[in-house]
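Hi,

Here is the structure I promised to pass on to you. Have a look at it first, and then read my notes below with it open beside you.

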Amino acid sequence: LAVPVSQRLLPLYVSSLLKSKAFRLQNVTVDDRYFAMLQFKTLPIDEIMLMVYPRLFSLHNLAETWTDKNTVPPRIPLTAEKLTRQGAFLLQTHEHFIIWVGRHVSEIFVNSVYNVKSYSDLPELNVAWIIMTMPFRTCSTT
């Protein structure tokens with residue numbers, strides 16, 4: 001069966017959509033489902049694609065693979081076999097950036113990025129929430 005190149009990832013995208021909050025039937029509140037459907041309806045296609053299929057970047061070998069600094073670093077396929085214990089990776093979703101550091105990543109990388117001696121010196125869970133407050137604008141009807 002010959003499938004056009006543009007449709008080869010269609011089963012992956014459909015599977016991902018069915019697992020999203022907008023279409024999942026269990027463990028999702030009505031408000032979350034409505035919000036996810038509203039996002040699918042109103043966001044630009046680039047943002048929707050990040051919701052469906054996040055980007056994965058390799059950080060541990062960024063100096064070798066990212067030669068043109070005026071462009072986005074090269075993406076790697078979002079598969080479990082690409083995540084190695086010797087590497088560090090950045091996962092970009094629509095809402096979050098997640099850094100995954102492998103247990104056997106080089107000490108040079110850990111020292112230069114996190115300013116600690118080795119992987120074992122990294123905090124077990126380092127989550128920072130940045131809450132931005134924006135003043136509400138009021139509309140005057142004069």
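A hairpin takes the chain from β2 to β3 through 4 residues. The two strands, β2 (residues 88-92) and β3 (residues 97-101), run antiparallel and are joined by 5 bridges. Strands here are DSSP runs of E with at least two residues, helices are runs of H or I with at least four, and both are numbered from the N terminus. Two strands pair if DSSP finds at least two bridges between them.

Before you go further, a word on what you're looking at: this is a predicted model, where local features need pLDDT of at least 70, side-chain atom pairs count only at pLDDT 80 or more, and totals for chains, interfaces and linings use all residues. Residues are numbered from 1 along each chain as its sequence is written, and side-chain values use heavy atoms, with hydrogens and water left out.

Back to the hairpin. If you want to find the pairing by eye, Leu90 stands opposite Ile99 in β3, and Gln92 stands opposite Phe97 in β3. On to β1: this strand pairs with β2, again in the antiparallel sense, over 4 bridges. Leu56 is a good place to look, as it stands opposite Leu91 in β2.

Put together, the 3 strands make an open sheet in the order β1-β2-β3, with antiparallel pairing. β1 (55-58) and β3 stand at the edges with a single partner strand each, so one side of each has no neighbour in the sheet. On average, neighbouring strands of this sheet are turned by 20° against each other, direction ignored. That angle is taken between axes, which are lines fitted to C-alpha atoms (for helices over the stretch in contact), and angles run from 0 to 180 degrees between N-to-C directions.

Is β2 enclosed or open to the outside? 4 of its 5 residues are buried, so β2 is largely enclosed by the rest of the structure. Buried means under 20% relative accessible area, exposed means over 50%, and partly exposed is in between (1.4 Å probe, protein chains only). One general point to keep in mind as you look at strands: in a regular one, the side chains alternate between the two faces of the sheet.

Now the chain as a whole. It has 5 helices and 3 strands, and along the sequence they follow the pattern α-α-α-β-α-β-β-α. Of its 142 residues, 20% count as buried. Among contacts (heavy atoms within 4.5 Å) with a separation of 6 or more, 35% are between residues 24 or more positions apart.

A few residues deserve a closer look.

Start with Arg33, in helix α2 (residues 30-42). Which side chain of opposite charge is nearest to Arg33? That is Asp32, 9.2 Å away, and Arg33 is buried yet has no salt bridge. A salt bridge here is a side-chain nitrogen of Lys or Arg within 4 Å of a carboxyl oxygen of Asp or Glu. As for charge, Lys and Arg count as positive and Asp and Glu as negative, while His and the chain ends are not counted. Leaving aside neighbours within four places in sequence, Arg33 is in contact with Lys21, Ala22, Arg24, Leu25 and Val28.

Next is Tyr53, in the loop between α3 (45-52) and β1. Tyr53 is buried, with a relative accessible area of 18%. Not counting residues up to four places away in sequence, Tyr53 touches Leu12, Tyr13, Arg75, Pro77 and Leu78. The C-alpha atoms of Tyr53 and Thr93 are separated by 7.8 Å, with their positions 40 residues apart along the chain.

Leu12, one of those partners of Tyr53, sits in helix α1 (residues 10-19). Leu12 counts as partly exposed, at 38% relative accessibility. Its C-alpha atom is 9.1 Å from that of Val52, 40 residues apart along the chain.

Finally, check the backbone at two asparagines. Asn27, in the loop between α1 and α2, has a positive phi of about 60° although it is not a glycine. Asn27 is exposed, with a relative accessible area of 78%. Asn115 lies in the segment after α5 (107-114), and its phi is near 60°, a positive value in a residue other than glycine. Asn115 is exposed too, with a relative accessible area of 66%.

Cheers
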